[in-house]
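Here is a quick tour of how this fold is put together, with helix packing and aromatic rings as the main stops. Have your viewer open and follow along.

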Amino acid sequence: MPTSPSSSVQEARRALASRLRAMREEAELTAIELARLAGWERTKISKIEHLARSPSVADIRTWCRLCRAEDQTDDLLAALRAVTGMYQEWKRLQRTGLRRLQEQRTAVFEQTQEFRSYASQVIPGLLQTPEYATAILSAVAVRNKLPNDVEAAVAARMKRARLLREGGHRFAFILEESVLRYQIGGPTVMAGQLGYLLMVMALPSVSLMVIPFSRARKTHALGNFNIYDEAEVRIELLTAAINVTVPSEIDQYRREFELLASMAVTGSEARSVIAKALADMQ
């Protein structure tokens with residue numbers, strides 16, 4: 001089973017804190033002594049080393065200077081950037097609306113040759129119709145009290161879908177049957193969405209798999225996750241996006257994707273599951 005997103009971030013924070021503590025001890029400074037030299041509150045060092053507080057760029061520069069280890073500054077700053085990049089709060093990413101975020105992610109897709117997506121909650125963005133995407137993004141905008149640029153965000157998402165037909169990319173999607181039956185936007189929107197799935201799965205670049213309710217489970221349903229080549233796994237939570245870049249963790253998600261694929265149906269069997277869900281909508 002893949003490491004949970006929250007534990008991945010916590011492990012990265014713990015590793016950074018351990019390196020800072022080891023540096024302080026090698027400099028033969030107590031936590032209180034380092035805080036005094038830096039002009040910080042007495043408990044700041046302890047909070048950073050015990051993960052109660054995250055260090056800033058300035059904190060790390062000061063820490064390295066006072067511990068006479070300035071040669072390690074760049075390496076530790078890179079580790080801090082990695083930790084910060086793993087956990088991205090939606091309220092920060094979406095502060096200017098949804099369109100800009102959609103456009104930013106397009107560059108990642110353009111650079112990805114093999115994209116793998118597992119969906120247990122919503123249809124993946126690349127496979128969404130404009131109506132389905134509008135229902136999803138409108139709900140996000142209302143929930144997070146964002147500027148209303150849903151129409152522009154949907155247009156950016158639809159533009160990104162051109163990658164299904166150009167550029168030599170390969171796409172593999174695994175959908176839980178439940179995703180086909182959630183009433184996103186209502187029966188009419190869902191009927192259009194399911195009809196579009198039947199069309200897009202005929203594209204040579206697309207492999208679309210469905211895990212039917214009737215299949216015996218080899219693993220439980222997970223939250224949606226996407227794998228970009230062997231470079232990154234992205235998991236979207238309610239409050240944040242998690243970007244996993246540690247090779248061993250990416251490999252765990254890759255193996256989990258293969259296990260989920262072994263439970264799925266493809267081709268005519270997948271079409272039958274989608275067609276049955278479509279018929280039940282009408």
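## The overall picture

Among contacts in the protein between residues at least 6 apart in sequence, 77% join residues at least 24 apart. Keep in mind that this is a predicted model. The C-alpha trace spans about 70 × 40 × 30 Å along its principal axes, and the protein has 13 helices and 7 strands. Of its 282 residues, 49% count as buried.

## Three helix pairs

Two packed helices are described by the angle between their axes and the distance between the axes. Here are three pairs in that form.

| Helix pair | Axis angle | Axis distance |
|---|---|---|
| Helix 7 (residues 99-111) and helix 9 (residues 150-160) | roughly 10 degrees | within 8 Å |
| Helix 8 (residues 130-143) and helix 9 | about 135 degrees | 9 Å |
| Helix 11 (residues 187-200) and helix 13 (residues 267-281) | about 160 degrees | 9 Å |

Let's start with helix 7 and helix 9. Their axes cross at roughly 10 degrees, and that makes helix 7 roughly parallel to helix 9. The crossing is left-handed. On the helix 7 side, the contact uses R99, Q102, E103, R105, T106 and F109, and these meet A152, A153, A156, R157 and R160 in helix 9. Sorted by class, the residues of this contact come out as 4 nonpolar, 2 polar and 5 charged.

Helix 9 also packs against helix 8, with the axes 9 Å apart and an angle of about 135 degrees. The two helices are therefore oblique to each other, and they cross in a right-handed sense. Helix 8 brings P130, A133, T134, L137, S138 and A141 to the contact, while helix 9 brings V150, A153, V154, R157 and M158. This time the split is 8 nonpolar, 2 polar and 1 charged. A153 and R157 turn up in the helix 7 contact and in the helix 8 contact.

How do helix 11 and helix 13 run relative to each other, parallel or antiparallel? With an angle of about 160 degrees between them, helix 11 and helix 13 are roughly antiparallel. Helix 11 passes helix 13 in a left-handed crossing. From helix 11, P187, M190, A191, L194, G195, L197 and L198 take part, facing R271, I274, A277, L278 and M281 of helix 13. That contact has 10 nonpolar, 1 polar and 1 charged residues.

## The loop before helix 11

Just ahead of helix 11 sits I184, in the loop that follows helix 10 (177-181). Which residues does I184 touch, leaving aside its neighbours within four places in sequence? The partners are Y132, A135, I136, V189 and M190. M190 is also one of the helix 11 residues that meet helix 13. For a sense of scale, the C-alpha atoms of I184 and T134 are 9.9 Å apart, with their positions 50 residues apart along the chain. T134 is among the helix 8 residues in the contact with helix 9.

## Aromatic rings

How many aromatic pairs does a search of the whole structure find? It finds 9. In one of these, the rings of Y118 and F225 have centres 5.5 Å apart and planes at 35 degrees, so the pair is tilted. The pair links distant parts of the chain: Y118 belongs to strand 2 (residues 114-119) and F225 to strand 5 (residues 225-228), 107 residues apart. Y118 counts as buried at 0% relative accessibility, and F225 is buried too, with a relative accessible area of 2%.

The rings of F171 and F173 have their centres 6.3 Å apart, and their planes sit at 5 degrees, so this pair is stacked. F171 is buried at a relative accessible area of 6%, and F173 is buried at 0%. F171 and F173 also belong to a cluster that ring pairs build with F109, F115 and Y228. F109 ties this cluster back to the helix packing, as one of the helix 7 residues that meet helix 9.

## One more helix

Last stop: helix 4 (residues 57-66), where D59, I60, T62, W63, C64 and L66 are buried. R68 follows helix 4 and has a positive phi, near 55 degrees.

Note on methods
Residues are numbered from 1 along each chain as its sequence is written. This is a predicted model: local features need pLDDT of at least 70, side-chain atom pairs count only at pLDDT 80 or more; totals for chains, interfaces and linings use all residues. Side-chain values use heavy atoms; hydrogens and water are left out. Axes are lines fitted to C-alpha atoms, for helices over the stretch in contact, and angles run from 0 to 180 degrees between N-to-C directions. Helices (H or I, at least four residues) and strands (E, at least two) are DSSP runs, numbered from the N terminus. Angles under 35 degrees count as roughly parallel, over 145 as roughly antiparallel, 65 to 115 as roughly perpendicular and the rest as oblique. A crossing is left-handed if the near helix is turned anticlockwise from the far one by less than a right angle, and right-handed if clockwise. Contact means heavy atoms within 4.5 Å. Ala, Val, Leu, Ile, Met, Phe, Trp, Tyr, Cys and Pro count as nonpolar, Asp, Glu, Lys and Arg as charged, and the others, Gly among them, as polar. Rings of Phe, Tyr and Trp (its six-membered ring) pair if their centres lie within 6.5 Å; planes under 30 degrees apart count as stacked, over 60 as edge-to-face and the rest as tilted. Buried means under 20% relative accessible area, exposed over 50%, partly exposed in between (1.4 Å probe, protein chains only).
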